[in-house]
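Biologist: I should like to understand the terms used for this model. May I ask for the reasoning behind each of them?

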Amino acid sequence: MFFRKTKEAPVRITFWKALRHLVAFQIKLAADALRDLIMSPLSIVVFCIDALTSPTLESSLYLRLMVFGRKTDRYINLFDEYKDKGHATMDEAIETLEAMANDLAADPSRKRRE
């Protein structure tokens, strides 16, 4: 799940790998909390709109919000449930940022040239 297991040797959890996972988890927790802060009042508003307009299932704003919530849940991938299941996840964005930071750390003069 968090560390890739190999059949050859037991995997050791190093401080730096554990720290990387902690930071990634904190970023995901913040994204999840922000999503919840936005969706909570929004769900009340769209529910009230649906209650007043009695839409069909296909045009229900509340159900569209639920579908959107599921998509964002897969993207945030808080507990690594979707990483290797063909879904784009926040993990890919974090890995890209990590690679960019490593490139800058390896060649600090590159920052000045660009």
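Modeller: Certainly; please note that the model is predicted. A suitable starting point is Arg 35, which, leaving aside its neighbours within four places in sequence, is in contact with Gly 69, Thr 72, Asp 73 and Ile 76.

Biologist: Why does Arg 35 count as buried?

Modeller: Buried means under 20% relative accessible area. Arg 35 has 14% relative accessibility and therefore counts as buried. This residue lies in helix 1.

Biologist: What makes the approach of Arg 35 to Gly 69 a polar contact?

Modeller: The side chain of Arg 35 reaches the backbone oxygen of Gly 69 at 3.3 Å. A polar contact requires a pair of N or O atoms within 3.5 Å, and the distance of 3.3 Å therefore satisfies that cut-off.

Biologist: Why are helix 1 and helix 2 called roughly antiparallel?

Modeller: The axes of helix 1 (residues 15–53) and helix 2 (residues 61–76) come within 9 Å and cross at roughly 170 degrees. Angles over 145 degrees count as roughly antiparallel, and the two helices are therefore described in that way. By class, their contact has 12 nonpolar, 3 polar and 5 charged residues.

Biologist: How do you know that Val 46 is buried?

Modeller: Val 46, which lies in helix 1, has a relative accessible area of 9%. The cut-off for buried is under 20%, so Val 46 is buried. Leaving aside its neighbours within four places in sequence, Val 46 is in contact with Leu 61, Tyr 62 and Leu 65.

How values were computed. Residues are numbered from 1 along each chain as its sequence is written. This is a predicted model: local features need pLDDT of at least 70, side-chain atom pairs count only at pLDDT 80 or more; totals for chains, interfaces and linings use all residues. Side-chain values use heavy atoms; hydrogens and water are left out. Axes are lines fitted to C-alpha atoms, for helices over the stretch in contact, and angles run from 0 to 180 degrees between N-to-C directions. Helices (H or I, at least four residues) and strands (E, at least two) are DSSP runs, numbered from the N terminus. Angles under 35 degrees count as roughly parallel, over 145 as roughly antiparallel, 65 to 115 as roughly perpendicular and the rest as oblique. Ala, Val, Leu, Ile, Met, Phe, Trp, Tyr, Cys and Pro count as nonpolar, Asp, Glu, Lys and Arg as charged, and the others, Gly among them, as polar. Buried means under 20% relative accessible area, exposed over 50%, partly exposed in between (1.4 Å probe, protein chains only). Contact means heavy atoms within 4.5 Å. A polar contact is a pair of N or O atoms within 3.5 Å; within protein, one must be able to donate a hydrogen and the other to accept it, and residues adjacent in sequence count only if both atoms are side-chain atoms.
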